[in-house]
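Hi,

Here is the structure I promised to pass on. Have a look at it first, then read my notes underneath.

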Amino acid sequence: MKAGITLQVDGEPRTLTVDTRTTVLDALRDQLGVTSPKKGCDHGQCGACTVLLDGRRANSCLALAVAHDGAEVITAEGLAGGTPDGELHPVQRAFLEQDGFQCGYCTPGQVCSAAGIIEEAAAGHPSTATEDLRAEGGINLTDAEIRERMSGNLCRCGAYVNIVAAVRQAAEAAAARRGGAPDPEVPVVADSPTAESMPEHPEERA
């Protein structure tokens, strides 16, 4: 069965006809030519297809397009749409400055997820890592919070240390814009873990 729908993709209304079984991801990539969200596992387990769906991060491979007729879809490509003169979104800039990617395949999903968790924390939505559920003024995105909230976005290159640093930088910049604590000094490139700081390998344990 076919159905006509309209999606607001990166600020532009796009009308299309889809099979009622078509996911948002396949509608974006195959019918609209929006290839920023990537098809990874196609089971909602890797996060490569993450977009902002009506302002909330979502795995677009699990969302049926017909169920989101009229929805606003923001991809990593469209994140900078609200910035003056096409500047990079603060999350995009942080990923560049912190070297938060290698092959780049998962990066669009990582960027959308990061933008989403910053807003979630500011709105006070807790995670399983949140220690103080009564905190006022939003939840502080500690490294533990960032790791927990970003755990659905896998990086097969293993750039996790720099991804955490990038999200931390973007979160601190967002807090400063909201009138929170001023940005602390953040290194241009995140420090990589040393051999001494890495957890002991299971095979090396006594």
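A disulfide here is a pair of cysteine sulfur atoms within 2.5 Å. With that cut-off in hand, the cysteines are a good place to start. Please keep in mind that this is a predicted model.

**Cysteines**

How many disulfides does the structure hold? The count is 0. Take C46: the closest cysteine sulfur to its own belongs to C41, and at 3.8 Å that is too far for a bond. C46 is buried, at 5% relative accessible area. The story repeats for C61, whose sulfur has its closest cysteine sulfur in C49, 3.8 Å away and again too far for a bond. C61 is buried too, with a relative accessibility of 7%.

**Overall layout**

The protein has 5 helices and 5 strands, and along the sequence they run β-β-α-β-β-β-α-α-α-α. Out of 206 residues, 42% count as buried. About 11,500 Å² of the protein is exposed, and 50% of that comes from carbon and sulfur atoms. If you take the contacts between residues at least 6 apart in sequence, 53% of them join residues at least 24 apart.

**Helix α5**

Helix α5 covers residues 160–177. Its 18 residues should span 26 Å at 1.5 Å a residue, and the C-alpha atoms at its ends are indeed 26 Å apart, so the two agree. Plenty of α5 is tucked away: the buried residues include N162, I163, V164, V167 and Q169, along with alanines such as A165, A166 and A170. Which helices help to cover them? Among the elements that do so are α2 (90–97), α3 (107–122) and α4 (143–149). Just after α5 comes G179, with a positive phi of about 95°.

**Salt bridges**

Searching the whole structure turns up 8 salt bridges. Three of them are worth a look on your screen.

- R57 pairs with E120, with the closest N and O atoms 2.8 Å apart. This one links distant parts of the chain, since R57 sits in strand β4 (residues 56–59) and E120 in helix α3, 63 residues apart. R57 is partly exposed at 26% relative accessible area, whereas E120 is buried at 11%.
- R178 pairs with E119, and their closest N and O atoms are 2.8 Å apart. R178 lies in the segment after α5 and E119 in helix α3, so this pair ties together parts 59 residues apart in sequence. Both partners are partly exposed, R178 at 47% and E119 at 44%.
- R149 pairs with E145, again with 2.8 Å between the closest N and O atoms. These two are 4 residues apart in helix α4, which means about one helical turn separates them. R149 is buried at 6% relative accessibility, and E145 is buried at 3%. Through shared partners, salt bridges join R57, E120, E145 and R149 into one network.

**Two aspartates with positive phi**

Last, a couple of backbone oddities to check. D10 has a phi near 50°, positive although the residue is not glycine. D10 is in the loop between β1 (2–9) and β2 (12–19), and it is partly exposed at 26% relative accessible area. D99 also has a positive phi, near 55°, and is likewise a residue other than glycine. You will find D99 in the loop between α2 and α3, partly exposed at 39%.

Cheers

Conventions:
Residues numbered from 1 in each chain as written. Predicted model: local features only at pLDDT ≥ 70, side-chain atom pairs only at ≥ 80, totals over all residues. Heavy atoms only, no water. Buried < 20%, exposed > 50% of the residue type's maximum accessible area, 1.4 Å probe, protein only. Contact = heavy atoms within 4.5 Å. Areas by Shrake-Rupley, 256 points an atom, 1.4 Å probe, with all protein chains shown as cover. Expected span 1.5 Å × (residues − 1). Salt bridge = Lys/Arg side-chain N within 4 Å of Asp/Glu carboxyl O.
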